[in-house]
Amino acid sequence: MTALAVATTAQEQRDLEQFYFYEARLLDGRRYLQWLTLLCEDIAYLMPSRVNVQVNNRERGQEGMISVERELEGGETMGCPHREENYLLLTLRAERAYKVNSWSENPPARTRRIVGNIELMAREPGGDVAAWSVVSNFHLYYARPGSDNVIYSGQRRDTLVVQPEGFRIRRREIVLDYANIELPTLGLFF
Amino acid sequence: MGLSVSELVNAEASLISRRCWSDPGVYALEKAGIFARSWLFLGHESQIRAPGDFVQAYMCETPIIMARGEDGRVHAVVNSCTHRGLPVCRADHGNTRRFVCPYHNWSYTVAGELVAIPQESEVQHKPDKTLLGLKQVPRVESWRGLIFGSFDEQIISLEDYLGDMRFYLDAFFDRFPAGIEFMGAPHRWVLNANWKLPVENQLGDVNHGAFLHSAIIPREAQDVIEALGHSVVTTPGHGATFRLMPEDAPVDDVAWGMEAVGSILGGDEVQEYLREVQARAPQRVGRLRARMKGLTYGIYPNLSFLWSNTSFKVSHPRGPGKVEYWSWAAVPADAPDAIKKILRTNYSSFFGPAGILEQEDSEVWSQQFLGSSIDFADDRPYYYGLGLGEEQPHPDMPGLVSVTANEFYARHFFQRWRSELLAAEGAV
Ligand code: FES
Ligand SMILES: [Fe+2]
């Protein structure tokens, strides 16, 4: 996460932004079934948990001493990420939203996503399809009937597949800026 | 506190005042009557394998360091410097030789002994360091790798405290030759709710499943619970719910973990593993307990265990209206890493802060807390009388047993709670 973004044409940058803005509009508009069509069916959807780790004395004086990566209990670690989901689980969550008895979302929360700092980090020379690694930041405002309003803040690390009809998300890792989860749920679409 | 404890809960605990979940005076009595005098869960031995390993824990709101000392023994000390009270340990977990307090750098071993006062050389009167260590939790004991601490030096042994709950917990633990382990740090979820709300839910309230969770849990699952479900109270405050599967049930219907989504989506390898665990179960835990397919488990006052979504949970109070709810994924210690990684999602996808089920539970806990905080409704205590007096001893299983709709697990909890608060009330 320390590398510079790769050189991007104005058109590529604009395409990426349009994609993320469209995605945010779908999610804020509660159009989760349409959002599912933006995902590859082999999507890996990950949210590491974060811990307050012990400072590593041996790395004193170096940036690695307090690197973000050390705090993440992600898919490759033997800790326990908050989310490790596939297309089926995401579909289960999406479809649940349209059931009259999904009580914790009924009435539904109001959300507003602001997505920014969109950077193309790498073009992966994948076999027959091109794949891009893209990072972006988000703030998600969440106003829920009967409880406190909260802000979710975090970073998304995506792998997008570049297809003629547009981008599809093949992998998303969400790095939330919380260790203690002072939020009503992490079960949203980020 | 406007009401005395005897007015909050009637003798049979079938009527319970809303104030029990919201009143600051009640909470003060809970600290004195319960948290000062119970065995409280600190963590699992797998979290501190090597000398110097430590994790943070809580006993009520008091921060605790649980560590494996140089002597190889487990120590629990209050994480608060004897000089001016700062926490000397700031990381959630790690390994160290010393905790160095940030303020004036007094330093302590992981077992809490004070070893250095940097300012000491400049003064003539040298403090006696042996008297200035971190406060020790006076009793620390473990059972099946679960470590508990108590501030009550006179408390009965942990094994006696757990009592017959061990019979039901061993239906799980004893399935695994190498025991279980916790995966990583706990998920820590801060909710606007009273600490007893998650506890009561996961002590025996399985009957909300078909209703609150009807968007996710199919009606058929509830039918099985109604047909085969048992609710047990071994000692008031401790309880378990489980399905007792028929002798001829297919292995896939009985096997631990098989019904959870990670295992369902996880493929042949994990399913084969779970079948093997089940195949060994009759010989390891006996024929009766091999047929137990657990639901919820509770250890008084604030530890819970979920069977299929294998998770341990502690409800740490943060005042009457907030709770820091910790959960860990627990897995068999000798399972291959690839299988552990699948099994942890049996917990995380349905429970914990991102859990598709627990997002519904956490919502009702917050809402019940709000309902418990309103005015002008004190003449409407909550009704806890479902199934009153219908629990019975069982020929083959310890404790009182009943159908899962019987709310006796909660009544017994609140009867114990009532008597412990009455004792504390008498003492102040
Ligand atoms: S407060 Fe800890 S050294 Fe002074
Ligand atoms: Fe529930």
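Helices are DSSP runs of H or I with at least four residues, numbered from the N terminus. The exercises below concern a predicted model.

**Exercise 1.** Determine in which helix Q222(B) is found, whether the residue is buried or exposed, and which residues it touches beyond four places in sequence.

*Solution.* Q222(B) belongs to helix α7 of chain B, residues 219–228. A residue counts as buried under 20% relative accessible area. Q222(B) has 1%, so it is buried. Leaving aside residues up to four places away in sequence, Q222(B) touches V206(B), N207(B), G209(B) and A210(B).

**Exercise 2.** Establish how the buried residues of helix α2 of chain B are arranged, and against which elements they pack.

*Solution.* Begin with the list: in α2(B), residues 24–35, the buried residues are V26(B), Y27(B), L29(B), E30(B), G33(B), I34(B) and F35(B). Viewed down the axis of α2(B), these fall within an arc of 165°, so they line one face of the helix. In general, an α-helix has 3.6 residues a turn, so residues three or four places apart point the same way. The packing partners of the buried residues are α1, β2, α5, β17 and α14 of chain B. At the start of α2(B), a side-chain oxygen of D23(B) comes to within 2.6 Å of the backbone nitrogen of G25(B).

**Exercise 3.** Characterise the interface of chain A and chain B by its residues, area and polar pairs.

*Solution.* Chain A contributes 41 residues and chain B 43. Together the chains bury about 3,400 Å², with 49% of it on carbon and sulfur atoms. On the side of chain A, Q54(A), M78(A) and C80(A) lose the most area, together 19% of what that side buries. The rule finds four salt bridges across the interface; K341(B) and E76(A) meet in a salt bridge at 3.9 Å, N to O. Residue pairs in polar contact number 23. Of the elements of chain A, α3(A) gives the most to this side, with five residues.

Technical notes:
Residues numbered from 1 in each chain as written. Chains lettered and ligands numbered in written order. Predicted model: local features only at pLDDT ≥ 70, side-chain atom pairs only at ≥ 80, totals over all residues. Heavy atoms only, no water. Buried < 20%, exposed > 50% of the residue type's maximum accessible area, 1.4 Å probe, protein only. Helix = DSSP H or I, 4+ residues; strand = E, 2+ residues; numbered from the N terminus. Arc of directions from axis to C-beta. Contact = heavy atoms within 4.5 Å. Polar contact = N/O pair within 3.5 Å; in protein donor to acceptor, adjacent residues only side chain to side chain. Buried area = accessible area lost by both parts, 1.4 Å probe. Salt bridge = Lys/Arg side-chain N within 4 Å of Asp/Glu carboxyl O.
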